[in-house]
Amino acid sequence: MGDKYVRGPLTRKRRTTISETASPVLNSKQANGSKPGNAGEESSVNNGSSPRKVRDTSSTPRRDKSYNDAIRERLRCHTHQESLLSSDSGYSNYRGILNWCVVMLVLSNARLFLENLIKYGILVDPIQVVSLFLKDPYSWPAACLIIASNVSIMAALYTERRLAVGTISEGTGTFLYTINLSAILIFPPATVLYLTSMTPVGGVFSLAVYTILFLKLYSYKDVNKWSREIRHAKARTLSRSHSCPSVHKANGVAAHAQVTYPGNLTHRDLYYFVFAPTLCYELNFPRSPRIRVRFLLRRLFEMLFFIQLLVGLIQQWMVPTIQNSMKPFQDMDLSRILERLLKLAVPNHFIWLIFFYWFFHSSMNFVAELLQFGDREFYRDWWNSESVTYFWSNWNIPVHKWCLRHFYKPMLSRGVNKLLAQTAVFLVSAFFHEYLVSVPLKMFRLWAFMGMMSQIPLAWFVGRFLRGNYGNAAVWISLIIGQPVAVLMYVHDYYVLHYQGTPVGMAGLNS
């Protein structure tokens, strides 16, 4: 009896709870269209002695929706979209194709290199490289000519010092500079043409040094003249300071004192500019805080490695191809000439690319790091050039800056037409290209001059009719094909002048 009265309320309470939880189920069943009888049966079951957990049906609509979406996805498998290689797709990740191109390039050139070794053997000779610079080990005409350039450097410095203190007038200074700069352009080629002991390679090297010196001293003259004009305009005296001062520490960071005119007119300042990897003079160059030894050693290793690679590729790959091209030129066999031209295009372009990296990246960064020269923009992304003008403006930044600062803009300020000024820049560039080739070879054929001047109509054609990738392809084709044409022209003429009576192979090599 006691147990009955104790368990009674609990049983009634359980029944009440089950009936209350069953009522919403009943309503949902009736709302779904079920019969009331079924609800009664379910209620009677729930009133049994063993209660059963009621299933929650609140997530059923979501399940039905996801199930319907899955069915629709199975029925539909197409959407409106463009192919990846179409320009409208916006796809730009072609890294795999680029890797494939690199692999194919390596394999194709490996085959050519193996064929060259089988056909000619090993032609690399380091001793022959020395003979390209010196005919007589006791006669060093190119080195002596380069050492003599210090006379022009000292003449420019002492002319500026006299102008700074007012000992000579601006007109007299301009006259002295004209004589000095003219001597830089006339004396070296006269020496190269007169001396029989001067080799073509030695002549090219010495003339290149004098050409760079001409551009540097011209910029030195202009900047100091502008500084005098500023000083006269401000009508105040500037204190003389030490140029290129020693580095001192300021708050733990290396700092350089600012140089003012005429404190820059010192031997140290001028020779720093002469050796710096730039053609444009400034009183205060941007300076790096310290010399990075690891960076310096990496650039030095690249310089030594790539110069050896260049020499080996020229001796092993280019020289036999050029030698075997003389017979088709003599016979005027156009098909064979075209075949030799295309065969020469690959090694010539490959060597040109290596030379670009060796000179503009490795060598110039090495010198800049050694001198703590801060401006390292020696080139830009010329490989993305979509026009000829963009290429010539970005592949050689030191020359481009000089032309823009000391030639192009002064012409525009004098009222010269923009197109005429651009043509004049190409004309000056064509002159120096021919100057550096014809004089050392001691023959004047104007192939380099005409090649540079042909860039003007080519630039107009590419800019007018070609855009985007087509323009970039046109620039690459002009680089790959244009240079071998000039090389073959000069080699053929040099061969006719010096080796006309020798066998065509020049070394006993057969095509």
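Trp352 has a relative accessibility of 12%, under the 20% limit, and therefore counts as buried. The model is predicted, and every value in this report is computed from it.

**Trp352 and its helix**

Trp352 sits in helix α13, which runs over residues 334–371. Leaving aside residues up to four places away in sequence, Trp352 is in contact with Trp382, Phe391, Trp395, Leu479 and Gln483. Ile480 is 128 residues from Trp352 along the sequence, yet the two C-alpha atoms are 9.5 Å apart in space.

Helix α13 bends by about 30° at Ala345, and a proline, Pro347, follows within four residues. Directly after α13 comes Gln372, which has a positive phi, near 55°.

**Helix α8**

A second helix with a change of direction is α8, where a kink of about 30° is centred on Ala183. The span expected for the 25 residues of α8 at 1.5 Å a residue is 36 Å, and its end C-alpha atoms are 36 Å apart, so the two values agree. The table sets α8 beside α13.

| Helix | Residues | End-to-end C-alpha distance | Expected span | Bend |
|---|---|---|---|---|
| α8 | 25 residues | 36 Å | 36 Å | about 30° at Ala183 |
| α13 | 38 residues | 52 Å | 56 Å | about 30° at Ala345 |

The buried residues of α8 are Gly173, Tyr177, Asn180, Leu181, Ile184, Pro188, Pro189, Thr191 and Val192. Which helices do the buried residues of α8 pack against? Their partners are α6 (141–147), α7, α9 and α16 (418–441).

**The second largest pocket**

Helix α8 also contributes to a pocket lining. The second largest pocket holds about 450 Å³ of space. At least two lining residues come from each of α7 (150–165), α8 (170–194), α9 (200–234) and α15 (397–413). The lining comprises 24 residues, and those nearest the pocket centre are Tyr218, Lys221, Asp222, Lys225 and Arg414. By class, the lining residues of this pocket divide into 10 nonpolar, six polar and eight charged.

**The chain as a whole**

The chain has 19 helices and two strands. Of its 511 residues, 34% are buried. Among contacts between residues at least 6 apart in sequence, 73% join residues at least 24 apart. The contact of Trp352 with Leu479 is one that links distant parts of the sequence.

Technical notes. Residues numbered from 1 in each chain as written. Predicted model: local features only at pLDDT ≥ 70, side-chain atom pairs only at ≥ 80, totals over all residues. Heavy atoms only, no water. 1 Å grid on protein atoms, 1.4 Å probe; cavity = no way out; pocket = protein on both sides within 12 Å on 5 of 7 lines; lining within 4 Å. Points joined across faces, edges and corners; volume = space filled by probe spheres on them. Nonpolar A, V, L, I, M, F, W, Y, C, P; charged D, E, K, R; others polar. Expected span 1.5 Å × (residues − 1). Bend = angle between axes of the 7 residues up to and from the residue. Buried < 20%, exposed > 50% of the residue type's maximum accessible area, 1.4 Å probe, protein only. Contact = heavy atoms within 4.5 Å.
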